[in-house]
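Hello,

Here is the structure I promised to pass on to you. Have a look at it first, and then read on for what turned up in it.

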There are 2 protein chains.
Amino acid sequence: MKPDHGIRILINRLARIDSAAGWAGGLNPTQRAALEYLSEANQFSRSPSHVADYLGTTRGTMSQTLKALVRKGYAAEHRQKSDQRSISYELTEAGAAAVTEPNPIADAIGSLPASVQAALKEGLLQSLRLALAANGGQSFGKCKTCAYHDAASESGFCTLLGLGLEPGESDKICVEHKEA
Amino acid sequence: MKPDHGIRILINRLARIDSAAGWAGGLNPTQRAALEYLSEANQFSRSPSHVADYLGTTRGTMSQTLKALVRKGYAAEHRQKSDQRSISYELTEAGAAAVTEPNPIADAIGSLPASVQAALKEGLLQSLRLALAANGGQSFGKCKTCAYHDAASESGFCTLLGLGLEPGESDKICVEHKEA
DNA sequence: GCCATTAGTATCGACTCGCTACTATATCAA
DNA sequence: TTGATATAGTAGCGAGTCGATACTAATGGC
């Protein structure tokens, strides 16, 4: 039987229309998506490999994209002490400002009834979970919903890495995330 | 206030993951999206301009993309008699086959409960309508839901163009569509 | 017949994309 | 300790999208 591509095509079309609006500030849509991920990810999850996994592209492409962001002043490289091979990118002030800019698609969605928004988000999340499971991908959830998260200490503690979290970091995305 | 980009980012991420799977058969994701549109649009709606409007890109880019599809044997050009400037593209057999191929994201969505799928589709459609209205874009609906559609005759009649429709065409997308 | 409009295209520079090949660091085992 | 192997990041290739601009050709109004 012919598969029903209807919803998939709707998602792609919305993303495409959003892309057309994503060229603001000298950025292109991919660079903007990477920037948005960096703003949501914790310090252990901001390497080229991680961003590539999250966005479904390759290390090579993402390496170039991140270097472009640095060149444009939206991000900065930061070599890790623990593993000299890996690099953690972080947003500059300009980068942090760019991700909060208004956006027509976000506005359109925001003006929908709350119940419709909730149903939409739930449907998208379930689709994403299934798609990632089929791909063998990671969940990329937030620390506070993670099985390794210990909320007892001051600003949270990661029992997997044996490290304390920075303030506010329990609300960030982590590559090691495992649903509690 | 900082806008909530959550749902927008989910949509983009799903589209991005889908894109990675969209390289099958020597096509790239954009070429596939154009092919999918051509398979759903009626004979008056398959020009470079129309596909560009539908997918939110420019005539120049879409012109190149459609020529690539012809070069690869998935589509064919067809000059209109009425207006010698415009071109209508149509799918070849290979093109028609390519749009029915299975797809991991479509499968994931298809395996969700019917109620979740319905809510998802409804939320996406409402978002799309608002986004298009904000952009001044067309609705691109199907003939059978159009104010100009007269279902009395054999296979439908377009009262705007004053033309009879081909069999099955009332289920196709039209640029001139106006919600009844 | 003139002129503004429209449809399609060619070309430019920047960039993504998958891919392959390479370097440097890290890890593990004999 | 010394390989052997895996991992992180990158450079470079060819194809092609993308916005932008500048063109040609056909159309339609006046």
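A residue counts as near a DNA strand if one of its heavy atoms lies within 4 Å of that strand. On that basis, DNA strand D is surrounded by 27 residues, and the closest are A:Ser49, A:Arg59, A:Ser63, A:Lys67 and A:Arg85. Please keep in mind that this is a predicted model. For chain A the mean pLDDT is 87, with 97% of the residues at 70 or more. Among the elements of chain A, helix H4 (residues 59-71) has the highest mean pLDDT, 95, while strand E5 (residues 163-164) has the lowest, 79.

Back to DNA strand D. Sugar or phosphate supplies 78% of its atoms within 4 Å of the protein, and bases supply the rest. Several side chains place an N or O atom by a phosphate oxygen of this strand: A:Ser49 at 2.6 Å, A:Arg16 at 3.2 Å and, from the other chain, B:Thr57 at 3.0 Å. Two or more residues of the surface near DNA strand D come from each of these elements: helix H3 (48-55), H4 and strand E2 (87-91) of chain A, and helix H2 (29-40) and H4 of chain B. H4(A) gives the largest share, five residues. Sorted by class, the surface near DNA strand D holds four nonpolar, 15 polar and eight charged residues.

Now for DNA strand C. Of the 27 residues around DNA strand C, the nearest are B:Ser49, B:Arg59, B:Ser63, B:Lys67 and B:Arg85. Here sugar and phosphate make up 77% of the strand's atoms that come within 4 Å of the protein. Polar side-chain atoms lie 2.5 Å (B:Lys67), 2.6 Å (B:Ser49) and 3.2 Å (A:Thr65) from a phosphate oxygen of DNA strand C. The largest share of the surface near this strand, five residues, is from H4(B). By class, that surface has four nonpolar, 15 polar and eight charged residues.

How are the two protein chains related? Chain A superposes on chain B after a rotation of 180° with 0.0 Å of shift along the axis, at an RMSD of 0.0 Å. The two copies are therefore related as by a two-fold rotation axis. In chain A, the residue that comes closest to this axis is A:Leu120, with its C-alpha at 2.5 Å. The copies meet through the same surface, because 100% of the interface residues of chain A are also interface residues in chain B.

Happy to talk it through whenever suits you.

Best wishes

Conventions:
Residues numbered from 1 in each chain as written. Chains lettered and ligands numbered in written order. Predicted model: local features only at pLDDT ≥ 70, side-chain atom pairs only at ≥ 80, totals over all residues. Heavy atoms only, no water. pLDDT = per-residue confidence, 0-100. Helix = DSSP H or I, 4+ residues; strand = E, 2+ residues; numbered from the N terminus. Polar contact = N/O pair within 3.5 Å; in protein donor to acceptor, adjacent residues only side chain to side chain. Nonpolar A, V, L, I, M, F, W, Y, C, P; charged D, E, K, R; others polar. Least-squares fit on C-alpha atoms with pLDDT ≥ 70 in both. Contact = heavy atoms within 4.5 Å.
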